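Here is a protein chain to get acquainted with. Take a look at the sequence and the model first, then read on for a guided walk through some of its parts.

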Amino acid sequence: MTRDRGPRRLRRFDRSALLAASVTALSLTASGCVVVHGEREVLPAATKGEAAKALTSFLTAYNAAQRANDRERDAGRVDGALADIDGAKLRANHENAPEGDPSYKALELSDTTYTVPKKAGWPRWFLADSASNRGTSRWLLVFTRAGRDEPWRVSYLTVVRPEDVPVLKKDGEGFAEPVTAGDPALSVAPGKLAQEYTDYLRDGGEAFAPGPYTNALRSTRKKNAARPGLARQYRDEALSGGAYTPLGLRTKDGAALVFFASRHYEKQTAAKGVDLTVTDPAIKALMKGEPKQSVTLAYVANQAVLDPAKSGGGGVRFLGRVAGLTGAKGA
């Protein structure tokens with residue numbers, strides 16, 4: 001969301017790199033596992049060597065794409081919410097700087113811990129938790145693969161304070177435990193988190209703990225909607241299934257670290273006699289139509305939350321959230 005700078009300007013939106021939440025990977029299906037082609041044996045999703053190679057391949061492709069402003073260079077290494085956010089950013093950057101960004105500082109990841117769950121069939125996934133050269137936060141990358149011949153792709157990428165990364169439950173061999181979509185022991189079933197969140201943004205409620213992406217965001221929206229000169233309306237959609245499937249791991253205390261995705265729209269309509277001026281180059285680059293009276297902005301967000309055990313009480317707590325502008329339409 002943007003903060004209004006006045007009735008005559010669309011404020012500049014925060015397109016910060018990929019920050020936010022935390023954690024690992026587990027496909028959430030009603031049964032807790034996916035069985036494809038008769039593969040029923042529960043196995044680790046990847047070896048540590050495979051995971052390290054996947055991270056290196058992603059990082060190489062990601063840096064090449066950012067430097068060249070060319071989404072094709074990492075298209076085979078991203079998926080889901082990250083592909084939407086990263087792809088739109090690169091399209092906008094290419095429109096404004098088709099020659100690329102020679103001053104781009106390559107992302108470097110180090111001190112990586114790989115968390116691998118056991119599961120049957122495909123898709124499979126794992127979590128990489130790394131330090132970076134972009135600050136003190138931990139970068140959490142969820143890698144997924146749909147089949148043996150498919151590359152590992154990052155579907156969720158979030159940035160979390162080190163102290164907010166929960167301790168995950170592991171078995172005697174060091175493998176993590178995935179949670180199911182309908183897990184009855186959790187405050188909100190992981191498969192319903194995206195819908196619960198979009199419902200919460202519209203109606204409020206007690207499902208989510210107070211924070212910047214819950215009650216504070218609702219308060220900001222309410223204030224923006226009441227400002228004269230430039231009215232704002234909001235609409236939210238849950239994303240689930242396929243590359244947007246919620247992914248979660250059991251924590252040591254019985255909660256779950258869950259990633260999920262959502263889509264959000266903000267329509268800004270100028271009052272009669274008020275000029276609607278779009279100044280943000282990224283918005284202009286993604287704009288379809290002519291913004292005479294209104295602009296509708298589309299975002300995709302990926303978020304990481306701590307979903308508490310139902311027996312412990314309390315709401316779902318956001319650990320991090322990254323939202324990226326993915327489209328704009330003028331009318």
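What follows goes from the whole chain down to its helices and a handful of single residues.

## The big picture

Keep in mind from the start that this is a predicted model. The protein chain has 331 residues, and 51% of them are buried. Its secondary structure adds up to five helices and 12 strands.

How does the chain link up with itself? Take the contacts between residues at least 6 apart in sequence: 72% of these join residues at least 24 apart. On the outside, the chain exposes about 15000 Å², with carbon and sulfur atoms supplying 48% of that area.

## Two helices side by side: α1 and α2

Let's start with a pair of helices. Two packed helices are described by the angle between their axes and the distance between the axes. Here, α1 covers residues 48-68 and α2 covers residues 80-96; they pack at an angle of about 30°, and their axes are 10 Å apart. Angles under 35 degrees count as roughly parallel, so α1 and α2 are roughly parallel to each other.

Which residues meet where these two helices touch? From α1 come F58, Y62, A65 and Q66, and from α2 come L82, D86, K89 and L90. By type, the residues of this contact divide into five nonpolar, one polar and two charged.

The loop between α1 and α2 has a residue worth a stop, N69. Its phi is near 55°, a positive value in a residue other than glycine. N69 counts as buried, because its relative accessibility is 5% and the cut-off for buried is under 20%.

## Helix α3 and its covered side

Next up is α3, whose buried residues are L193, A194, Y197, T198, Y200 and L201. They cover an arc of only 155° around the axis, so they sit on the same side of α3. The face turned away from that buried side carries the exposed residues R202 and D203.

What covers the buried residues of α3? The cover includes α4, β7, β9, β11 (294-307) and β12. After α3 comes G204, with a positive phi near 80°.

## Helix α4, a shorter list

Helix α4 runs over residues 215-225, and its buried residues are L217, R221 and N224. Their arc around the axis is only 65°, which puts them on the same side of α4. There is a general pattern to keep in mind here: an α-helix has 3.6 residues a turn, so residues three or four places apart point the same way.

Facing away from the buried side of α4 are the exposed residues K222 and K223. The buried residues of α4 are covered by elements including α3 (193-203), β7 (230-239), β9 (256-270) and β12 (317-330).

## Stops along the strands

Now for some single residues, beginning with D111 in strand β2, which spans residues 109-115. D111 has a positive phi of about 50° although it is not a glycine. Is D111 buried or exposed? It is exposed, with a relative accessible area of 56%.

K118 belongs to strand β3 and is partly exposed, with a relative accessible area of 25%. K118 and E177 are 59 residues apart along the chain, yet their C-alpha atoms are separated by 6.9 Å. Leaving aside neighbours within four places in sequence, K118 is in contact with V42, L43, P44, D171, E173, F175, A176 and P178.

## Around strand β4

The loop between β3 (118-119) and β4 (124-132) is the place of P123. The peptide bond leading from W122 to P123 is cis, with omega near 0°.

Strand β4 also holds S132. With a relative accessible area of 14%, S132 is buried. Apart from neighbours within four places in sequence, the residues in contact with S132 are L107, E108, L109, S137 and W139. Where does V159 stand relative to S132? The two are 27 residues apart in sequence and 9.9 Å apart in space, C-alpha to C-alpha.

How values were computed: Residues are numbered from 1 along each chain as its sequence is written. This is a predicted model: local features need pLDDT of at least 70, side-chain atom pairs count only at pLDDT 80 or more; totals for chains, interfaces and linings use all residues. Side-chain values use heavy atoms; hydrogens and water are left out. Helices (H or I, at least four residues) and strands (E, at least two) are DSSP runs, numbered from the N terminus. Buried means under 20% relative accessible area, exposed over 50%, partly exposed in between (1.4 Å probe, protein chains only). Contact means heavy atoms within 4.5 Å. Accessible areas come from the Shrake-Rupley method with a 1.4 Å probe; for residues, only the protein chains shown count as cover. The arc is that of the directions from the helix axis to the C-beta atoms. Axes are lines fitted to C-alpha atoms, for helices over the stretch in contact, and angles run from 0 to 180 degrees between N-to-C directions. Angles under 35 degrees count as roughly parallel, over 145 as roughly antiparallel, 65 to 115 as roughly perpendicular and the rest as oblique. Ala, Val, Leu, Ile, Met, Phe, Trp, Tyr, Cys and Pro count as nonpolar, Asp, Glu, Lys and Arg as charged, and the others, Gly among them, as polar.
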